[in-house]
Amino acid sequence: MAPHFKLVYFDVPGRAELTRWIFAYAGREFEDFRVNRADWPALKPKTPTGKLPYLEVDGKPLPESIAIARFAARETGLAGKDNFESARIDALIDYLGDAQKGLQALRAEPDEKKKAALKEEYIKVGLQPYLQGLERHLAANNNGEGFLFGNEPTWADFALTVFVDNPAFDTTLLDNYALLNAHHKRVHELKPIKEWLQKHSANA
């Protein structure tokens, strides 16, 4: 009997969206439990680490968004065709994590003027080497005409696309990266992902 998955997060994409996409693409049933902000103070001390998201697997909690997504990918066959490809995917996920550090600095800055300056610096300077590296990586696999690894999507493709979809970025982010731009559109056109986003368009 398949385990029952309950993903607990706020009613926004955020740190749970990658796992939602993994389950949605794989057609894996899960309980998408969305916490009302007003209920969070009472729920917080009952969570594994005082943070969201967490995933319950038959009632047993698993915290940390990337650990959750990696587990979901393994459960659904989206973590790579063998151990080496799985490790390469993990390396790319770590690379994306490094690329996102600038976003964390933005969220921590209370002054709006300073935040705007940090955002401009991050997008125009700090983020560019990562986008260049991702463009090269994509080009090395089937000339960039498919996905990041092999011939089928993995959770790395979803992680990259969810990252680019961050509301901190505008639609011009990938204008200078033809392969990444095409990849972003390709992932959004995958039928299960497209249907998921249509269903949850108010929060996507």
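Leaving aside its neighbours within four places in sequence, which residues is Pro 61 in contact with? Keep that question in mind while you look at the whole chain, and remember throughout that this is a predicted model.

**The whole chain**

Begin with a cartoon view of everything, in which the secondary structure comes to 10 helices and four strands. If you follow the chain from the N terminus, the elements run β-α-β-α-β-β-α-α-α-α-α-α-α-α. Turn the view along the principal axes, and the C-alpha trace spans about 45 × 45 × 30 Å. A compact globule with 204 residues would have a radius of gyration near 17 Å, and the chain, with 17 Å, agrees with that.

Switch on a surface next, which comes to about 11300 Å² of accessible area, with 52% belonging to carbon and sulfur atoms. Buried residues make up 43% of the 204 residues. Of the contacts with a separation of 6 or more, 66% are accounted for by residues 24 or more positions apart. If you colour by charge, you will be looking at 27 positive and 29 negative charges, whose mean positions are 3 Å apart.

**First stop: Pro 61 and strand β4**

Now select Pro 61, which lies in strand β4, residues 60–63. With neighbours within four places in sequence set aside, Pro 61 is in contact with Pro 48, Tyr 54, Leu 55 and Glu 56, and this answers the opening question. Add Leu 7 to the selection: Leu 7 and Pro 61 are 54 residues apart along the chain, and their C-alpha atoms are separated by 9.5 Å.

**Second stop: Pro 53 and Ser 65**

Move to Pro 53, in the loop between α2 (40–43) and β3 (54–57). The peptide bond that joins Leu 52 and Pro 53 is cis, with an omega of about 5°. From Pro 53 you can step across to Ser 65, since the contacts of Ser 65, leaving aside neighbours within four places in sequence, are with Arg 15, Thr 19 and Pro 53. Ser 65 has its place in helix α3, residues 65–76. Is Ser 65 buried or exposed? Its relative accessible area is 15%, so Ser 65 is buried, the cut-off for that class being under 20%.

**Third stop: Val 12**

Select Val 12 in the loop between β1 (5–10) and α1. With a relative accessible area of 30%, Val 12 is partly exposed. Show side chains around Val 12, and you will find that it touches Arg 20, Arg 34 and Arg 37, when residues up to four places away in sequence are not counted. Then draw a distance from Val 12 to Tyr 177, which is 165 residues away along the chain; the two C-alpha atoms are separated by 28 Å.

**Fourth stop: helix α8 and Ala 91**

Helix α8 is mostly covered, as 10 of its 10 residues are buried. Among these buried residues of α8 are Trp 155, Ala 156, Phe 158 and Phe 163, and Asp 157 also belongs to them. Keep Ala 156 selected and add Ala 91, which lies in helix α4, residues 83–99. These two alanines, Ala 91 and Ala 156, are 65 residues apart in sequence and 9.7 Å apart in space, C-alpha to C-alpha. Ala 91 itself is partly exposed, with a relative accessible area of 46%.

**Fifth stop: Asn 142 and Asn 143**

Go to the loop between α7 (128–139) and α8, where you will find Asn 142. Asn 143 has its place in the loop between α7 and α8 as well. Phi of Asn 142 is near 55°, which is a positive value in a residue other than glycine. Asn 143 also has a positive phi, near 60°, and it too is a residue other than glycine. Asn 142 counts as partly exposed at 38% relative accessibility, whereas Asn 143, at 59%, counts as exposed.

**Last stop: helix α10**

Finish with helix α10, residues 191–199, in which Ile 193, Trp 196 and Leu 197 are buried. Why do these residues sit on the same side of α10? They cover an arc of only 95° around the axis, which puts them there. Turn the helix to its other side, and Lys 191, Gln 198 and Lys 199 are exposed. To see what the buried residues of α10 pack against, display α1 (17–26), β2 (31–35), α8 (155–164) and α9 (178–188).

Notes. Residues numbered from 1 in each chain as written. Predicted model: local features only at pLDDT ≥ 70, side-chain atom pairs only at ≥ 80, totals over all residues. Heavy atoms only, no water. Helix = DSSP H or I, 4+ residues; strand = E, 2+ residues; numbered from the N terminus. Rg over C-alpha atoms; globule rule 2.2 N^0.38 Å. Buried < 20%, exposed > 50% of the residue type's maximum accessible area, 1.4 Å probe, protein only. Contact = heavy atoms within 4.5 Å. Areas by Shrake-Rupley, 256 points an atom, 1.4 Å probe, with all protein chains shown as cover. Lys, Arg positive; Asp, Glu negative; His and termini not counted. Charge placed at Lys NZ, Arg CZ, Asp CG, Glu CD. Arc of directions from axis to C-beta.
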